[in-house]
Amino acid sequence: MFGRSSVLAKGSLLRNFSSSSSSGVLKIGDILRQTRTFSNDDVCQYSKLSHDVNPLHFDSESARAAGFEDRLVHGLLVAALFPWIISSHFSGAIYVSQSLHFRSPVYVGDEIVGEVKAISIKQSKKRYIAKLSTKCFKNGELLVLDGEAMAILPTLALEHDSRRS
């Protein structure tokens, strides 16, 4: 269920890719991270593409009347951190599935850290099927979103394509 507390963090998109893997090859237990601060422009652009014009995303009074501190970032926009993390480390990856649990609201201006953790990896022919734990945190500690994803990876070698960040 959504909590109602938040501390706003000012800033823009942060390019912060990190991995717990020192070998340069994805292993079970490795965590890949991306940090992003969602702006009003992000919310407006996402709304145009998704046609989600819920007033909770655009009108502070409507959001407060619904029990939130301010306007919300679309949950699926926050979840978009996961395929971004995967594709930034594995060019040609195929995103197969994603489950999501929305735990706490994300407000415009919040800095969110997305994490993708390898929980199982199976080789299938010349590809790898990775089961991934997915989490997003606000202010480095408050869990706002979690779930699991499956992706088909062409390789386990970690890369970072700076053109994607």
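Which residues does Asp146 touch, not counting residues up to four places away in sequence? The legend for Asp146 below gives the list, after an overview of the predicted model.

**Figure 1. Overview of the predicted model.** The protein has 165 residues. Its secondary structure comes to four helices and seven strands. Along the sequence, these elements follow the pattern β-β-α-α-α-α-β-β-β-β-β. Buried residues account for 39% of the protein. Among contacts with a separation of 6 or more, 68% join residues 24 or more positions apart. The exposed surface comes to about 8,800 Å². Carbon and sulfur atoms supply 53% of that area.

**Figure 2. Close-up of Asp146 in strand S7.** Asp146 touches Ser99, Leu100, His101, Arg103, Thr134 and Lys135, leaving out residues up to four places away in sequence. One of these residues, Arg103, also makes a polar contact with Asp146, side chain to side chain, at 2.9 Å. Is Asp146 buried or exposed? Asp146 is buried, because its relative accessible area is 14% and the cut-off for buried is under 20%.

**Figure 3. Close-up of Arg36 in strand S2.** Arg36 is a second charged residue with a low value: its relative accessibility is 18%, so Arg36 counts as buried. The side chain of Arg36 makes a polar contact with the side chain of Asp42. The distance for this pair is 2.9 Å. How far apart are Arg36 and Gly109 in sequence and in space? They are separated by 73 residues in sequence. Their C-alpha atoms are 9.5 Å apart in space.

**Figure 4. Close-up of His74 in the loop between helix H2 (60-65) and H3.** The relative accessibility of His74 is 2%, so His74 counts as buried. Which residues is His74 in contact with, leaving aside its neighbours within four places in sequence? They are Val43, Tyr46, Ser47, Asp52, His57 and Phe58.

**Figure 5. Close-up of helix H4, residues 81-89.** H4 is mostly covered. Seven of its nine residues are buried. These are Leu81, Phe82, Trp84, Ile85, Ile86, Ser88 and His89. What covers the buried residues of H4? The cover includes one helix listed here, H3 (75-79). It also includes the strands S2 (31-37), S3 (94-98), S5 (111-124), S6 (127-138) and S7 (142-153). Two of these strands appear in the views above: S2 holds Arg36, and S7 holds Asp146.

**Figure 6. Close-up of the largest cavity, about 40 Å³ in volume.** A search of the whole structure finds one cavity of 30 Å³ or more. Which residues line the largest cavity? The lining is made up of Leu26, Asp30, Leu32, Ile86, Phe90, Val116, Lys117, Ala118, Leu132 and Leu153. Ile86 is also among the buried residues of H4. S5 gives the largest share of the lining, three residues. How many lining residues fall in each class? Eight are nonpolar, none is polar and two are charged. The charged pair is Asp30 and Lys117.

Definitions and conventions
Residues numbered from 1 in each chain as written. Predicted model: local features only at pLDDT ≥ 70, side-chain atom pairs only at ≥ 80, totals over all residues. Heavy atoms only, no water. Buried < 20%, exposed > 50% of the residue type's maximum accessible area, 1.4 Å probe, protein only. Helix = DSSP H or I, 4+ residues; strand = E, 2+ residues; numbered from the N terminus. Contact = heavy atoms within 4.5 Å. Areas by Shrake-Rupley, 256 points an atom, 1.4 Å probe, with all protein chains shown as cover. Polar contact = N/O pair within 3.5 Å; in protein donor to acceptor, adjacent residues only side chain to side chain. 1 Å grid on protein atoms, 1.4 Å probe; cavity = no way out; pocket = protein on both sides within 12 Å on 5 of 7 lines; lining within 4 Å. Points joined across faces, edges and corners; volume = space filled by probe spheres on them.
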